[in-house]
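Subject: A structure for you to look at

Hi there,

Here is the structure I promised to pass on to you. Have a look at it first, and then read on for what turned up in it.

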Amino acid sequence: CGCSLGTSGRSTMSISVRGVRLASLLRSLDLCPVELSRQDPKSAMTALKVAYRDRAKADHPDMAPEAEKTAAAERFSHLNNVFDEAMKLMEAGVVPVANWTPTV
């Protein structure tokens, strides 16, 4: 596939793809991946938690009108999945990659 392997045995392509995925998840929570990548990991995770909490309060199904509760529950479930995946990636030490283009 043309990927080089680092000393850890992981493909650099795999690490880059995970970084791009994390950046995408952060953007969906209205966070700037570049700004978070410049912070220490603990501060970045705190910013992620705060953004999640704010969105969870606003998008919670209990806050939606009765006619929109089903759609709100689906959006809330998606929000939870985005948060969980982003936290797992950040805990694994993945750094968000804002501008990544594959080399051929």
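Starting at the N terminus, the elements of the protein follow the order α-α-α-α. That makes four helices and zero strands. Please keep in mind as you read that this is a predicted model.

Let's go inside first. Of the 104 residues of the protein, 29% count as buried. The largest nonpolar core is made of 21 residues. If you want to find it on your screen, try the residues with the most contacts inside it: L22, L26, L29, L31, L48, L79 and M90. Helices α1 (12-28), α3 (41-59) and α4 (69-91) each contribute at least two residues to this core. Which helix gives the most to this core? It is α4, with eight residues.

L79 is a good residue to click on next. Setting aside its neighbours within four places in sequence, L79 is in contact with L29, Y52, R55 and A56. You can also take a wider view of the contacts in the protein: among those between residues at least 6 apart in sequence, 63% join residues at least 24 apart.

Now for the open space. How much space lies in the largest pocket? The value comes to about 160 Å³. Around this pocket you will find L36, S37, Q39, D40, P41, A44, M45, M90, G93, V94, V95 and P96. You have met M90 already, as one of the residues with the most contacts inside the largest nonpolar core. Sorted by class, the lining has eight nonpolar, three polar and one charged residues. Both α2 (33-37) and α3 supply at least two residues of the lining, and α3 gives the most, with three residues.

Last comes the outside. The accessible surface of the protein is about 7,000 Å², and 54% of that belongs to carbon and sulfur atoms. For a residue to look at here, try E74, which lies in helix α4. Is E74 buried or exposed? Its relative accessible area is 56%, and the cut-off for exposed is over 50%, so E74 counts as exposed. You could also find P61, which is 13 residues from E74 along the chain. The C-alpha atoms of E74 and P61 are separated by 8.7 Å.

Enjoy exploring, and write back with any questions!

Best wishes

Key
Residues are numbered from 1 along each chain as its sequence is written. This is a predicted model: local features need pLDDT of at least 70, side-chain atom pairs count only at pLDDT 80 or more; totals for chains, interfaces and linings use all residues. Side-chain values use heavy atoms; hydrogens and water are left out. A nonpolar core is a set of buried Ala, Val, Leu, Ile, Met, Phe, Trp, Tyr and Cys residues joined through side-chain atoms within 4.5 Å. Buried means under 20% relative accessible area, exposed over 50%, partly exposed in between (1.4 Å probe, protein chains only). Contact means heavy atoms within 4.5 Å. On a 1 Å grid over the protein atoms alone, a cavity is a set of points where a 1.4 Å probe fits but cannot get out, and a pocket is an open set with protein on both sides within 12 Å along at least five of seven lines; lining residues have an atom within 4 Å of a point. Grid points are joined across faces, edges and corners, and a volume is the space filled by probe spheres set on the points. Ala, Val, Leu, Ile, Met, Phe, Trp, Tyr, Cys and Pro count as nonpolar, Asp, Glu, Lys and Arg as charged, and the others, Gly among them, as polar. Accessible areas come from the Shrake-Rupley method with a 1.4 Å probe; for residues, only the protein chains shown count as cover.
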